[in-house]
Amino acid sequence: MRAALIWLAVLVLSAVPVVLSLASPLLQWRDPVYIAAGATGVLAMALMPLQPLLATGRLPGLGGFRGRRLHRIIGALLLLCLLLHVAGLWITSPPDVIDVFLLRSPTPFSTWGLLAMVALLLSAAITALRKPLRLRWRLWRVAHLGLAAVVIGGTVAHALLIEGTMEPVSKALLSLWLTAAFAGSLAAPLRHRASARRQG
Amino acid sequence: MPDTRFPRRTLLAASGAAALLAASGLVVPARAKGLAPTPTMRGGANNYRPGAPIVERIGGGGFWMSGSVRRAGDGAPLPGQRIQIWAHTTEGHERDWHSHGATLTDADGLFRLEMPQIVPAFGQAHGHLAYEGDGFKTVFLRPLMASPKDTSLEAHFVLEPA
């Protein structure tokens with residue numbers, strides 16, 4: 001019963017903002033590439049709250065190794081979403097995206113998005129290179145969590161400042177949900193992480 | 001015998017202070033400051049299509065873009081100046097040719113062009129305008145709409161001779 005309620009809450013908190021953004025009236029005036037570019041951004045943000053919960057084994061039925069394996073799969077999905085998001089925006093309006101990369105965009109939210117993008121790429125890089133570079137686990141973990149905080153902060157600021165397809169109330173709730181999931185996992189009892197480490 | 005020392009000292013002090021003030025530049029003589037030229041806005045030139053044709057109306061219309069064009073310095077209205085207008089609207093993306101159109105300012109330096117409703121794109125409901133001509137330096141504007149429900153938007157140019 002408790003497990004079912006947790007899953008229901010997770011599903012509602014993450015899925016509702018996505019569904020509402022896919023029902024946005026703005027979509028009728030956008031071509032499929034631009035729609036996909038926006039939707040992949042929203043999807044990435046909705047997947048993010050799962051990450052800290054999976055890493056700390058908080059989701060019922062997905063503790064330990066299974067949770068961390070799904071954490072890696074979702075991490076890869078986030079990279080794919082990021083790629084499609086930027087590529088779709090680039091196709092839709094190349095000069096607007098170039099302005100963002102050159103830090104001369106008129107819209108501050110895009111710079112927050114850029115910050116989140118860089119942090120996500122760095123996080124993926126240190127994770128992929130952890131074994132080849134023989135990064136100490138403790139060092140990797142601190143870097144990964146620091147970068148995750150930047151990804152989440154950047155994503156929330158990016159999303160909140162945009163006047164786009166996301167419905168405002170569900171967007172604010174998703175921002176809260178994402179921040180709370182991350183902050184709550186940081187405060188998770190150390191033994192959770194210690195046991196996760198032994199099994200990993 | 002009238003005591004003239006005090007008035008004399010006051011006169012010296014006052015004239016000294018006046019000379020200091022004038023030299024310091026804190027007080028400047030009244031002169032025509034002049035109207036400063038409008039700077040190009042960030043992102044204003046994005047998806048600009050040089051030479052987009054002069055049109056009666058962009059697409060089906062329903063939304064009004066208007067504004068004025070004046071000369072820097074004296075602020076004289078500039079008639080016959082070509083202004084290109086484009087935006088993401090209900091009828092197309094910014095990059096689409098049919099989203100672009102140009103118009104000329106009237107005798108009072110004012111312009112007004114009907115276009116389709118602007119809708120939010122790339123995170124903001126905004127329009128684009130360009131002054132395109134030989135007499136003055138090119139200026140690109142990117143005004144924001146206070147609300148995406150607005151059915152008009154204004155932008156004003158003050159141009160600097162090229």
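**Helices of chain A and a sheet in chain B**

In this predicted model, 41% of the 200 residues in chain A are buried. The accessible surface of chain A amounts to about 10700 Å², and carbon and sulfur atoms contribute 74% of that area. Among the contacts in chain A with a separation of 6 or more, 70% join residues that are 24 or more positions apart.

The secondary structure of chain A consists of 9 helices and 0 strands. Its pattern along the sequence accordingly reads α-α-α-α-α-α-α-α-α. An unreviewed UniProt entry assigns the feature "transmembrane region" to residues 33-50, 70-91, 111-130, 142-161 and 173-190 of chain A. Two of these annotated spans can be described further. Residues 111-130 of chain A are 90% helix and 0% strand, and the C-alpha atoms at the ends of the span are 28 Å apart. For residues 142-161 of chain A, the helix content is 100% and the strand content 0%, with a distance of 29 Å between the end C-alpha atoms.

Chain B contains an open sheet of 3 strands, arranged in the order S4-S1-S7 with mixed pairing. Strand S4 (110-115) and strand S7 (152-159) of chain B form the edges, each pairing on one side only. On average, neighbouring strands of this sheet are turned by 20° against each other, direction ignored. Strand S1 of chain B, residues 63-71, pairs with S4(B) in the antiparallel sense, and 6 bridges connect the two. In this pairing, B:Trp64 has B:Glu114 of S4(B) as its bridge partner.

How values were computed
Residues numbered from 1 in each chain as written. Chains lettered and ligands numbered in written order. Predicted model: local features only at pLDDT ≥ 70, side-chain atom pairs only at ≥ 80, totals over all residues. Heavy atoms only, no water. UniProt positions renumbered as here; feature names shortened; annotations may be inferred. Helix = DSSP H or I, 4+ residues; strand = E, 2+ residues; numbered from the N terminus. Buried < 20%, exposed > 50% of the residue type's maximum accessible area, 1.4 Å probe, protein only. Contact = heavy atoms within 4.5 Å. Areas by Shrake-Rupley, 256 points an atom, 1.4 Å probe, with all protein chains shown as cover. Pairing = 2+ DSSP bridges. Axes fitted to C-alpha atoms, helices over the stretch in contact; angles between N-to-C directions.
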